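Here is a short report on one protein chain. The sequence and the model come first.

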Amino acid sequence: MTPRPHLFAPAGGDAAILLWDLNRVATTLKFEGHENDASCIRTAHDAPNSNAFATSSSDGTVRVWDMRTGKCTHLFDAGDECNACAWFPNGMALAAGCNNGKTHLFDLRSYGTLVKLPRPLDPMNPNPEPHP
């Protein structure tokens with residue numbers, strides 16, 4: 001999960017995320033804030049020296065955490081259970097996929113929502129011709 005191979009932070013069925021140091025076989029930090037399980041954990045792959053990671057949760061939120069302190073630095077409300085999250089390549093935004101079919105794009109600089117994208121009714125034909 002982390003850009004440091006000796007650190008590991010698994011998502012689990014509870015609201016807490018534990019950061020494990022595999023060299024010491026011990027937990028080093030506990031990240032608390034989600035009200036339900038964290039379903040996805042992601043680091044920014046293009047920023048290997050970053051100390052941040054993101055989580056999405058069935059509580060309808062996406063959070064960004066500081067690995068050094070265990071503190072939540074950003075909190076975004078998606079309004080529905082979030083199953084997945086991913087960083088933009090530039091590390092300045094996050095995408096989150098929700099149970100209601102919407103994808104939310106969040107801006108880390110403004111702490112706001114960039115856009116909410118609805119799921120097309122027919123994923124194979126996202127822009128159908130209107131019927132006469």
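The report below covers the overall make-up, one sheet and the aromatic pairs.

**Overall make-up**

This is a predicted model. The protein chain has 11 strands and 0 helices. From the N terminus on, every element in the run is β: β-β-β-β-β-β-β-β-β-β-β. The chain counts 132 residues, and 36% of them are buried. Its exposed surface comes to about 7800 Å². Carbon and sulfur atoms supply 53% of that area. Take the contacts between residues at least 6 apart in sequence: 31% of these join residues at least 24 apart.

**The sheet of strands 8 to 11**

Four strands form an open sheet in the order 8-9-10-11. The pairing is antiparallel. Strand 8 (82–87) and strand 11 (112–117) sit at the edges, and each pairs on one side only. From one strand to the next, the twist averages 20 degrees.

Strand 8 pairs with strand 9 (residues 93–98) in the antiparallel sense, over 5 bridges. Within this part of the sheet, Cys82 has Cys98, in strand 9, as its bridge partner.

**Aromatic pairs**

The structure holds 3 aromatic pairs. Two of them are set out here.

| Pair | Geometry | Centre to centre | Angle between planes |
|---|---|---|---|
| Phe31 and Trp65 | edge-to-face | 5.7 Å | 75 degrees |
| Phe76 and Phe106 | stacked | 4.6 Å | 20 degrees |

Start with the edge-to-face pair. Phe31 belongs to strand 3 (residues 26–31) and Trp65 to strand 6 (residues 61–66), so their pairing ties together parts that are 34 residues apart in sequence. Phe31 is buried, at a relative accessible area of 0%. Trp65 is buried too, at 1%. Ring pairs also bring in Phe53: Phe31, Phe53 and Trp65 are linked into a cluster.

Now the stacked pair. Phe76 lies in strand 7 (residues 72–77), while Phe106 lies in strand 10 (residues 103–107); the pair therefore ties together parts that are 30 residues apart in sequence. Are these two rings' residues buried or exposed? Phe76 is buried, with a relative accessible area of 2%. Phe106 is buried as well, with a value of 0%.

The stacked pair also leads back to the sheet. Phe106 is in strand 10, and strand 10 is one of the 4 strands in the order 8-9-10-11. Its partner Phe76 is in strand 7.

Note on methods. Residues are numbered from 1 along each chain as its sequence is written. This is a predicted model: local features need pLDDT of at least 70, side-chain atom pairs count only at pLDDT 80 or more; totals for chains, interfaces and linings use all residues. Side-chain values use heavy atoms; hydrogens and water are left out. Two strands pair if DSSP finds at least two bridges between them. Helices (H or I, at least four residues) and strands (E, at least two) are DSSP runs, numbered from the N terminus. Axes are lines fitted to C-alpha atoms, for helices over the stretch in contact, and angles run from 0 to 180 degrees between N-to-C directions. Buried means under 20% relative accessible area, exposed over 50%, partly exposed in between (1.4 Å probe, protein chains only). Contact means heavy atoms within 4.5 Å. Accessible areas come from the Shrake-Rupley method with a 1.4 Å probe; for residues, only the protein chains shown count as cover. Rings of Phe, Tyr and Trp (its six-membered ring) pair if their centres lie within 6.5 Å; planes under 30 degrees apart count as stacked, over 60 as edge-to-face and the rest as tilted.
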